[in-house]
Amino acid sequence: MKKSSFTSPALPRRSVLTGMAAAGAMAAMPRRLVAQEQITIRWWSPQSSPEQLAAYQTQIANFEAQHQNVKVVFEKTSDEGYAPQLAAAFASGDVPNVVTHLPSFAVSNYWRNGLLEPFNDVIEMIGPEKFYPGANDGYEVDPGQYAGTSIGNSAANMMWLRTDLMEAAGIESAPRTWDEMLAAMEAMQGGGIWGAPLPYGRNSMTSLIFIGVIHQAGGQVFSPDLQVAIDTQETRDALEFYKAMRQYCPPGATNYSWGDSLTAFVSGACATGIYTGRVLINVNTQNPGIADNVTCALYPTKSADIPHWTFNDFPSVFIPKAAPNMEATKQFAAFLFDPEGYIQQLHAAPGHVLPVLQTISADPAYQDNPIIEKYSAEVDKMAAAAANGYNLGRESAEHQPNAKAGEIVNSGVIAELVQRVVLNDENADQVLGETTARIEEIMAG
Amino acid sequence: MTVATTNTPLLERQYARLGALLIAPTIVVFSLVIVYPLLAAIYLSLFSIYTPTLEGDFVGFANYWDLLSGREFWNSLRVTLVWTVGTLSLQIVLGVGMALLLHQNIWFRSLARSLVLFPYFLSTVVAVLVWRWLFNDLYGAMNHGLMQLGILDMPLDWLGSMPNAMIGVILVGAWKYFPFVVIAVLARLQTIPDHLYEAARIDGAGPIARFWDVTLPQLRSVLVVIILLRAIWDFKEFDLIYLLTGGGPVTSTQTLSLLVYQEAFALNQMGQAAAYSVGMMLVMLVFMLVYLRKTGGR
């Protein structure tokens, strides 16, 4: 009688049964995975250059590989368009799962109206100790509750300079004060090159940049307890400076926003620029002829005793409360800070969005980038400036968070102040009075 | 006789029910797409509503009081009227002129008739991007060409200062929408009887006299319809102006549509935006009444 293989000493019954059980479990596993509900996570961001999109796709692919029942879809928005798009999304309930790169001041308003999911869990997943000290302070709108976090830092009002033009004009160093700035403009403008691409359009850039100019005059838009404090001599000085700069800006600066201003410097049409570190990659890819003659400095102030004021919009990450699949959404939000994908995202526009995690800044993989290596002094300068940066959502360390900052910027009231006084030559006292009233109305609304 | 008196009302009732049944889908669709949004807008206008949550408090006619007492609505209404009259006038002149040209026996007439429709078919976003590039102060073909011809010494700020911004918007609007006038006028031109022109020639009328005395009277009916339809469409134009100037400089090109958008989505004040919309609708109602009167309610 032939022996059954089950009784073979070479293959004991126990081993066979264990193997069968394991095979059964293996066979069952795919069915369990397939049985899991397929879910889609929608990710919105206004930052969508081709290099950034490629980085996002890598992050998405890595996350999907780890979560086979999840599909992540990226959807573009824009700096000027996110407010209406999100308003419509919130109103309809058809919200994205994760929103990134909006300025921090936009977040607090949504939080105050109960539209956002607390971000504490995600910060815990990322590791709160990895963030730069104070990086999340602006998001703690209510004590102990975070409305979101920063996905990066930015120094949005850096002054970009052409060293070759400075040398030709006999300018030895970057202007420190407004008087020096105006003198530099006078010296560098000519031969088809304009001095600066400052924005005078009816848009958010004009508002945000001019808020910086008010601070560079020693003023502020709000007092620390959020009383409107824009009707001051400092704002009048800021308007005078902005008006004096108009003659050094291209004619079309009256309609400039971020893209136009960036292009005006990168193309070589302007001797100076005002933008984030995106200038570096754009100069190197679009106008390499000037790439070796580009540097940056902090934007000048009215006098040397007034400290610099850097506009950091603290590009954010947040989750709408109505987003479906909250657990997977939070996992994805935390995954955006996974070093491999995060560094690739930062490298997509080196110096534009600066790391918000100390562990990433120190990571050799982050430093290993030709742009960051070539312009290490500029990147360090921007990182230091951004670390001390503020925006209308919180104008200084003493200021309370301003949940209405987004609506003030979106209303265009500050851009209109600039246009009425600088372009239309209207009476500054009257316009400032009306501007104060309008801002107070928005704050009360 | 008795049967007839009892059956006729029954038949009528059956016909009436059938009629109501047949017209019901139209009524339902009409109610959903026109009546409901209209009533919703009026309802919203009585509240102070935060757009993202659509929650708010009843404020009665406060939004209408703000509308009437504030400057925004009246300023935007004035801008809207300037834009509408300006662009519509140009559309009519260009459209009639081009239609007359294309009605002639010229070379490549079919090709020209097709090409003239191009701006009308082009996406507004694409058209505006092209025009913004043309108007660009640093690289724009418009400034470059005018400077090459010696007409300008320095680049002109086309879209950032007044009155250039309004002129620029009106020009682009006329370029974009004049083909509609061409199509309608050309169709009418082809139906004008030749004997009217022959009679005019026999009477010694020249080309200009024939245009004023024959062509224009024949075009009158179609022009009335075109002007009223285009006036309504131009009055509520949004995308072209928003993309070209965003309503600036300051509020010089901010039409009522842009004001509504600004209030609803930038300031998140849906109630006030709804009040502006109702105000805008009332103004448009005037256009509609004129249209109905001119077309005899057909």
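**Exercise 1. Determine how strand 5 of chain A pairs with strand 7 of chain A, and place the pair in its sheet.**

*Solution.* Strand 5 (residues 158–162) and strand 7 of chain A run antiparallel and are joined by four bridges; strands are DSSP runs of E of at least two residues, helices are runs of H or I of at least four residues, and both are numbered from the N terminus. Two strands count as paired if DSSP finds at least two bridges between them. The model is predicted: local features require pLDDT of at least 70 and side-chain atom pairs pLDDT 80 or more, whereas totals for chains, interfaces and linings use all residues. Residues are numbered from 1 along each chain as its sequence is written, and chains are lettered from A and ligands numbered from 1 in the order in which they are written.

Step 1: identify the residue pairs. A:Trp160 stands opposite A:Cys296 in strand 7 of chain A. The bridge partner of A:Met159 in strand 7 of chain A is A:Ala297, and in strand 6 of chain A the partner of A:Met159 is A:Ile274.

Step 2: add the other neighbour. Strand 5 of chain A is also joined to strand 6 of chain A by four bridges, in the antiparallel sense.

Step 3: assemble the sheet. The result is an open sheet of three strands in the order 6-5-7 (chain A), with antiparallel pairing. Strand 6 (272–275) and strand 7 (294–297) of chain A stand at the edges with a single partner strand each, so one side of each has no neighbour in the sheet. From one strand to the next, the twist averages 30°; axes are lines fitted to C-alpha atoms, for helices over the stretch in contact, and angles run from 0 to 180 degrees between N-to-C directions.

Step 4: add the packing. Helix 10 (residues 258–266) of chain A packs on this sheet, touching strand 5 and strand 6 of chain A, and its direction makes about 145° with that of strand 6 of chain A. Contact here means that the C-beta atoms of two residues, placed from the backbone, lie within 7 Å.

**Exercise 2. Explain why strand 5 of chain A is described as largely enclosed.**

*Solution.* Step 1: apply the burial criterion. A residue is buried if 20 or more other C-beta atoms lie within 10 Å of its own, exposed if 12 or fewer, and partly exposed in between, with C-beta atoms placed from the backbone.

Step 2: count. Four of the five residues of strand 5 of chain A are buried, so the strand is largely enclosed by the rest of the structure.

Step 3: compare with a loop residue. B:Ser123 lies in the loop between helix 5 (118–121) and helix 6 (124–135) of chain B. Because B:Ser123 has 9 C-beta neighbours inside 10 Å, this residue counts as exposed.

**Exercise 3. Give the strand order of the five-stranded sheet of chain A and locate helix 12 of chain A relative to its strands.**

*Solution.* Step 1: the order of this open sheet is 2-1-3-8-4 (chain A), with mixed pairing. Strand 2 (70–76) and strand 4 (149–150) of chain A are at the edges, each with a single partner strand, so one side of each lacks a neighbour in the sheet.

Step 2: examine one pair. Strand 1 (residues 39–45) and strand 3 (residues 98–100) of chain A pair in the parallel sense over two bridges. A:Val99 in strand 3 of chain A is the bridge partner of A:Trp44.

Step 3: place the helix. Helix 12 (residues 326–335) of chain A lies across strand 1, strand 2, strand 3 and strand 8 (316–318) of chain A, at about 45° to strand 1 of chain A. Its buried residues are A:Ala328, A:Thr329, A:Lys330, A:Phe332, A:Ala333 and A:Phe335. The elements against which they pack include helix 2 (50–66) and helix 5 (120–126) of chain A.

**Exercise 4. State how chain A is divided into domains and characterise the contact between them.**

*Solution.* Step 1: the division gives domain 1 (39–153 + 313–380) and domain 2 (158–309 + 412–444) of chain A, with bounds from an automatic or database domain assignment.

Step 2: the C-alpha centres of the two domains lie 28 Å apart. The contact takes 10 residues from domain 1 of chain A and 12 residues from domain 2 of chain A.
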